[in-house]
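Subject: The structure we talked about

Hi,

Here is the structure I promised to pass on to you. Please have it open while you read, as the notes below go through it piece by piece.

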Amino acid sequence: MRGAFLRRALGAAAALLLTGCSMPQSGVDSLLAPPLLNEEQNEIYAALVRETGDSIKLLYPQRGENRSAFLVINLDAEVTSEAVAFYQSTASTVTSAIHMAVLDKRDGAWQSVHDISLEGTQVEDISVMRAGGDSLLAVGLGYSSDNTSLLKIYSFNGSTMDEIYSQSYQTKIISDLNSDDTDDVLLITPVSEDGNSYGRLYTYRNGRFRPDSEVLLDPAFTRYANITDGYLVNGQRAIYLDGYRGSTLMSTEILGYEEEAGLVDLTYDPEAGQRYAIDRALGAVCYDTNRDGVIEVPGLTLMPGYTEEVSGAVYLTDWYHFLNGEYEKVKSSYVSSSQGYMLDFPERWVGEVSIRRTVRANETLFYEYQGGDSPVKSELLYILMAKRSDWEAGEFPDYELIDSAGGGQIVYLAKIPEQEEYNPLAVNLTEVKKNFNRYY
Ligand SMILES: [Ca+2]
Ligand SMILES: [Ca+2]
Ligand SMILES: [Ca+2]
């Protein structure tokens, strides 16, 4: 009896994974097989549907580090882990509330111990916060109707989830900004009626989050879209905000934390009316291109042969470091976010080399540009993203392996055409491998 139930539950779980996954479908994801639940997740799922019935859909956090259906983590003073799951009922045709269930392992078996309904229409992200001896669970909830989200923070006392914080936001970071070994909350507030938006820092003490400091943000930004936690080149902690200036430009605003002042704005001075920013076309956001913690700020310049007016314009990304009111260029790269990679351009390529898609799916040609009707003066490099199985079956015999992704399911391949005569723009495989990086 129990075995039959479990098989049904497992079948349902597998089906859910195939259909209920709400991860964004980038080019990379479209080549990946969907993940399967492991044995423990299957046990947790079975315990969950024992309480809820099997007319449920698991909800996957859309961003952040925790993306799986179940977060297994110790949340209370009792030493074993709890599991947290988010789901919606599928019994009714109207969209039903998001539920958060907490399950605990008692006498060797998972069982549901707490279940509450939440606001919002999707789970944006979940984070486990470091707060002294307490483990807190931060849940970002989104609404499909607008750009405002809701952050709720819970403390689990062994049987119930107690809400200790609730604030709406545009974007947020959970991190120890003031270096006191306790995670803080930095929220970018929704735009208020006077058109202003603020960065607000909340710090945790005695079981509560309290306002610490705030900054007025640059009113030129209409909406913030992305937030990155990192450092300046001098080692100072910095938070990088990418946002929209109207509908055609993006830019970056940088916040820091100082002991006396608390939160400070490093790129906008409201009293002097001064702003330091690199305005650019839409699409590029701050990124740590070499994983050293210092965040690079993007600027965009058109690749040779492209104009802004034409749709599908292709840009070279110039990366900058910001310090003391100045941006210093670090390097230039071609960034393919849909294929999950970036290729740093050798300095001799900048202004001379352009790219185009080839007839093969997921392939890009890098070529020496010349004006006129046939812009390809010489072909320098092909980069192809493909399934490893196709590569191993010998489908791409002229290509060399340069990197892989998706747990090895995806390969990145390069083909370097022979040059007819000496060409200073030519690259070899070693240089391509050195300049190639995954872009997440
Ligand atoms: Ca526990
Ligand atoms: Ca802190
Ligand atoms: Ca860096």
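What follows is a walk through the findings, starting with how far the model can be trusted.

**Confidence**

Please keep in mind that this is a predicted model. The average pLDDT over the chain is 90, and 94% of the residues reach at least 70. The start of the chain is another matter: over residues 1-25 the pLDDT stays under 50, and the model has 27 contacts beyond four places in sequence for that stretch.

**Domains**

Two domains are assigned, domain 1 covering 1-119 and domain 2 covering 354-438. Where they meet, five residues of domain 1 are in contact with seven residues of domain 2. The side of domain 1 that touches domain 2 is made up of four nonpolar residues and one polar residue, with no charged ones.

**Helix α2 and Val28**

Soon after the low-confidence stretch comes a helix worth a look. Val28 sits in helix α2, which runs over residues 27-30. Is Val28 buried or exposed? Val28 counts as buried because 22 other C-beta atoms lie within 10 Å, and the cut-off for a buried residue is 20 or more. Its contacts, leaving aside neighbours within four places in sequence, are Gln339, Gly340, Ala405, Gly406 and Ile410. Take Gly340 as an example: 312 residues separate Val28 and Gly340 in sequence, yet their C-alpha atoms are 6.5 Å apart in space.

**Helix α3 and the cores**

Helix α3 has 14 residues, residues 39-52. At 1.5 Å a residue this helix should span 20 Å, and its end C-alpha atoms are indeed 20 Å apart, so the two values agree. The buried residues in α3 are Gln41, Glu43, Ile44, Tyr45, Ala46, Ala47 and Leu48. Just after the helix, Gly53 adopts a positive phi of about 80 degrees.

Ile44 deserves a second look. The largest nonpolar core has 66 residues, and Ile44, Ala85 and Leu103 are the ones with the most contacts inside it. Beyond its neighbours within four places in sequence, Ile44 is in contact with Phe70, Ala83, Ala85, Leu103 and Trp110. Another core, of 29 residues, lies apart from that one and includes Leu31, Tyr341, Ile355 and Leu381.

**Strand β5: Ser112 and Ser117**

Two serines in one strand are useful to set side by side. Ser112 is in strand β5, and so is Ser117, with the strand covering residues 109-118. Ser112 counts as partly exposed because it has 18 C-beta neighbours inside 10 Å. Ser117 has 11 other C-beta atoms within 10 Å and is therefore exposed, the limit for that class being 12 or fewer.

Which residues does Ser112 contact, leaving aside its neighbours within four places in sequence? They are Ala47, Leu48, Glu51, Ala101 and Leu103. Ala47 and Leu48 are among the buried residues of α3. The C-alpha atoms of Ser112 and Val49 are 9.2 Å apart, with their positions 63 residues apart along the chain.

Ser117, not counting residues up to four places away in sequence, touches Ala97, Ile98 and His99. From Ser117 to Glu253, 136 residues apart along the chain, the C-alpha separation is 36 Å.

**Loops**

Two loop residues have a positive phi without being glycine. Asp107 has a phi near 50 degrees and is found in the loop between β4 (98-106) and β5. Asp107 counts as exposed because it has 5 C-beta neighbours inside 10 Å. Asn206 likewise has a positive phi of about 50 degrees, and its loop joins β12 (198-205) and β13 (208-216). With 6 other C-beta atoms within 10 Å, Asn206 is exposed.

A further loop residue is Asn290, placed between β19 (274-275) and β20 (297-302). Is Asn290 exposed, partly exposed or buried? With 13 C-beta neighbours inside 10 Å, Asn290 counts as partly exposed. The C-alpha atoms of Asn290 and Gln419 are 31 Å apart in space, and the two residues are 129 residues apart in sequence.

Happy to go through any of this with you.

Best wishes

Methods:
Residues are numbered from 1 along each chain as its sequence is written. Chains are lettered from A and ligands numbered from 1 in the order in which they are written. This is a predicted model: local features need pLDDT of at least 70, side-chain atom pairs count only at pLDDT 80 or more; totals for chains, interfaces and linings use all residues. Domain bounds come from an automatic or database domain assignment. Two residues are in contact if their C-beta atoms, placed from the backbone, lie within 7 Å. Ala, Val, Leu, Ile, Met, Phe, Trp, Tyr, Cys and Pro count as nonpolar, Asp, Glu, Lys and Arg as charged, and the others, Gly among them, as polar. Helices (H or I, at least four residues) and strands (E, at least two) are DSSP runs, numbered from the N terminus. The expected span of a helix is 1.5 Å times one less than its number of residues. A nonpolar core is a set of buried Ala, Val, Leu, Ile, Met, Phe, Trp, Tyr and Cys residues joined through C-beta atoms within 7 Å. pLDDT is the predictor's confidence in each residue, from 0 to 100.
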